[in-house]
Amino acid sequence: IRVRHNKYGRSTSLLEPNLKKSAGGLRDLHALLWMYRDVYPDFLPDAGYVLKQPAILDFLSRLLQNGYINQLQYDHTSEAFEFILRTRQSLHYQSPSLNDLLDFEIQKKVAAEMGYVSEEYTKGLESFMRDYFRHARKIFRLNQLLSDKMRAALKPQEEGVETRNLDDDYALVGEQIAFRRDVGADPVRLFKAFRHKAETGL
């Protein structure tokens, strides 16, 4: 996550954001879904299960049902996801080729298609971008919150349990994969937990 944000923008107020990969973009929610599905195998059904709604909305519903987020966080993030998804669909419609960069040249066209129209040339566009920034912040905050919770869940909580080191970052503590040290938000080191999970059969 950190590597992607460093490449495509860590700020949720970029003037030309990448709707998929910048901080607060759709990939922040996708990354959470993937992490929770791998770290908590009972949390989500198999990847091929039939969805009654888009996968992200189903994921958010399960987070709410299991107490990971509250109703306000669910409402805000669902609204933000649907707004950015509609924005991306409009961007694809307006672009001559597949593109996730909401650059200056196309922003006003997307804003108008989204219903942000004003007699003043920039007023509708400014309102649209303010709403985008607001929604991107909601997604980014949830990404940070749940990533921190996932890291905390991997820390050993019991003493006197049989421990076997898996590598410099992880150990097998009883039947739980746990951190040996803080790995921060490094995606390569975080995703090693998924490999160890597969290898140990946990």
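Leaving aside neighbours within four places in sequence, which residues is L102 in contact with? The first close-up answers that, and the views after it visit other spots in this predicted model.

**Figure 1. L102 sits in the loop between α4 and α5.** Setting aside residues within four places in sequence, L102 is in contact with L15, E16, P17, L19, T87, L91, Q107, V110, F128 and M129. The relative accessible area of L102 is 0%, so this residue counts as buried. For a sense of distance, look for H92, which is ten residues from L102 along the chain. The C-alpha atoms of L102 and H92 are separated by 9.9 Å.

**Figure 2. The whole chain gives the setting for the close-ups.** Here you can count seven helices and three strands. Follow the sequence from its start and the order of elements reads α-α-α-α-α-α-β-β-β-α. The chain has 202 residues, and 44% of them count as buried. Among contacts with a separation of 6 or more, 50% are between residues 24 or more positions apart. The accessible surface is about 11,400 Å², and carbon and sulfur atoms account for 48% of that surface.

**Figure 3. Confidence varies from element to element along the chain.** The average pLDDT of the protein chain is 78, and 67% of the residues score at least 70. Helix α4 has the highest mean among the elements, at 94, while helix α1 (residues 2-8) has the lowest, at 53. Please keep in mind that predicted coordinates should not be read in detail where pLDDT is low.

**Figure 4. A salt bridge joins the side chains of D100 and R88.** The structure holds four salt bridges, and this view shows the one with an N to O distance of 2.6 Å. D100 lies in the loop between α4 (71-94) and α5 (104-113), whereas R88 belongs to helix α4, so the pair ties together parts that are twelve residues apart in sequence. Both D100 and R88 are buried. As a reminder for this view and the next two, side chains of opposite charge can pair when their charged atoms come close.

**Figure 5. Within helix α3, R62 pairs with D58.** Their side chains meet in a salt bridge of 2.8 Å, N to O. The two residues are four apart in helix α3 (residues 55-65), which means that about one helical turn separates them. Is D58 buried or exposed? D58 is buried, with a relative accessible area of 11%, while R62 is partly exposed, at 22%. Other buried residues of α3 include I56, L57, F59, L60, S61 and L63. Just after α3 comes G67, which takes a positive phi of about 80 degrees.

**Figure 6. D131 has a salt-bridge partner in R134 and a polar contact with Y116.** Start with D131 in helix α6 (residues 123-153). The closest N and O atoms of D131 and R134 are 3.1 Å apart. Both residues lie in helix α6, three residues apart, about one turn of the helix. An α-helix has 3.6 residues a turn, so residues three or four places apart point the same way. R134 counts as partly exposed, at 31% relative accessibility. Now turn to Y116: its side chain makes a polar contact of 2.5 Å with the side chain of D131. Apart from neighbours within four places in sequence, D131 is in contact with F83 and Y116.

**Figure 7. Aromatic rings come together in pairs, three in total.** One of these pairs is Y132 with F133, whose ring centres are 5.9 Å apart and whose planes stand at 70 degrees, so the pair is edge-to-face. Both Y132 and F133 are buried. Elsewhere, ring pairs link F83, Y116 and F128 into a cluster. Two names here return from earlier views: Y116 contacts D131, and F128 contacts L102.

**Figure 8. L146 is a buried residue of helix α6.** Its relative accessible area is 0%. What does L146 touch, not counting residues up to four places away in sequence? The list is L32, Y36, L63, Y68 and I69. I69 is 77 residues from L146 along the chain, and the C-alpha atoms of the two are separated by 8.7 Å. L63, also touched by L146, is one of the buried residues in α3.

Technical notes. Residues numbered from 1 in each chain as written. Heavy atoms only, no water. Polar contact = N/O pair within 3.5 Å; in protein donor to acceptor, adjacent residues only side chain to side chain. Contact = heavy atoms within 4.5 Å. Buried < 20%, exposed > 50% of the residue type's maximum accessible area, 1.4 Å probe, protein only. Areas by Shrake-Rupley, 256 points an atom, 1.4 Å probe, with all protein chains shown as cover. pLDDT = per-residue confidence, 0-100. Phe/Tyr/Trp six-rings, centres within 6.5 Å; stacked < 30°, edge-to-face > 60°.
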